[in-house]
Amino acid sequence: MTDSSSVSYLVRITNCLQTILELEPQLEKLEHGNSLLDEFAVLKSFLEKIDRVDLSESDVQRIESATANFLKELQAPLAMAEADENKGRRLQ
């Protein structure tokens with residue numbers, strides 16, 4: 001693995017992890033979001049150590065795919081939570 005490949009892998013993985021971590025405030029609104037939030041400590045710890053992990057293209061692709069699937073699975077619950085929150089804000 002070349003240094004440029006290593007940097008590219010690191011950037012791609014970091015982007016995935018940061019994307020997931022940015023959802024933390026939204027997940028707090030979900031009924032079962034707290035169980036997911038418990039895992040965020042693991043992600044944060046991994047993100048701090050990611051530069052010491054030996055990555056391959058297949059590893060990065062797997063993590064990118066898992067991130068995309070995770071975000072897709074959260075679309076409906078997050079949309080419902082947003083709709084519920086907006087119901088309480090309507091003026092009548």
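What share of the contacts in the protein chain with a separation of 6 or more comes from residues 24 or more positions apart? The answer is 75%, and this tour visits some of the places where parts distant in sequence meet. Keep in mind along the way that you are looking at a predicted model.

**Stop 1: the whole chain**

Start with everything selected and a cartoon view. You should find 4 helices and 0 strands, following the pattern α-α-α-α from one end of the sequence to the other. The radius of gyration is 16 Å, well over the 12 Å that the globule rule gives for 92 residues, so the chain is more spread out than a compact globule. Turn the model along its principal axes and the C-alpha trace spans about 60 × 20 × 20 Å.

Now switch on a surface. The protein chain exposes about 6,700 Å², and carbon and sulfur atoms supply 52% of that area. Of the 92 residues, 22% count as buried. If you colour by charge, look for 10 positive and 17 negative side chains; the centres of these two sets lie 5 Å apart.

**Stop 2: Cys 16**

Next, select Cys 16, which sits in helix α1, residues 3-21. Is this residue buried or exposed? Cys 16 is buried, with a relative accessible area of 7%. Show its surroundings and, leaving aside neighbours within four places in sequence, you will see contacts with Ile 63, Glu 64 and Thr 67. For a distance check, pick the C-alpha atoms of Cys 16 and Val 60: they are 9.4 Å apart in space, while the two residues are 44 apart in sequence.

**Stop 3: Arg 12 and Glu 57**

Time for the charged pairs. Side chains of opposite charge can pair when their charged atoms come close. The structure holds 4 salt bridges, and a good one to select now is Glu 57 with Arg 12, where the closest N and O atoms are 3.0 Å apart. Glu 57 lies in helix α4 (residues 57-87) and Arg 12 in helix α1, so this pair ties together parts that are 45 residues apart in sequence. Both partners are partly exposed: Glu 57 has a relative accessible area of 29%, and Arg 12 has 21%.

Keep these two on screen and add Glu 64. Arg 12, Glu 57 and Glu 64 are linked in a network of salt bridges. You have already met Glu 64 as one of the contacts of Cys 16.

**Stop 4: Glu 24 and Lys 44**

Move on to Glu 24 and Lys 44, whose side chains meet in a salt bridge at 3.3 Å, N to O. Which helices does this pair join? Glu 24 belongs to helix α2 (residues 24-27) and Lys 44 to helix α3 (residues 33-49), so the bridge ties together parts that are 20 residues apart in sequence. Glu 24 counts as partly exposed at 23% relative accessibility, and Lys 44 is also partly exposed, at 36%.

**Stop 5: Arg 62 and Asp 59**

For the last selection, return to helix α4 and pick Arg 62 and Asp 59. Their side chains meet in a salt bridge of 2.8 Å, N to O. The two residues are 3 apart in the helix, a separation of about one helical turn. With 52% relative accessibility, Arg 62 counts as exposed, whereas Cys 16 from the second stop is buried.

Key
Residues numbered from 1 in each chain as written. Predicted model: local features only at pLDDT ≥ 70, side-chain atom pairs only at ≥ 80, totals over all residues. Heavy atoms only, no water. Rg over C-alpha atoms; globule rule 2.2 N^0.38 Å. Buried < 20%, exposed > 50% of the residue type's maximum accessible area, 1.4 Å probe, protein only. Contact = heavy atoms within 4.5 Å. Areas by Shrake-Rupley, 256 points an atom, 1.4 Å probe, with all protein chains shown as cover. Lys, Arg positive; Asp, Glu negative; His and termini not counted. Charge placed at Lys NZ, Arg CZ, Asp CG, Glu CD.
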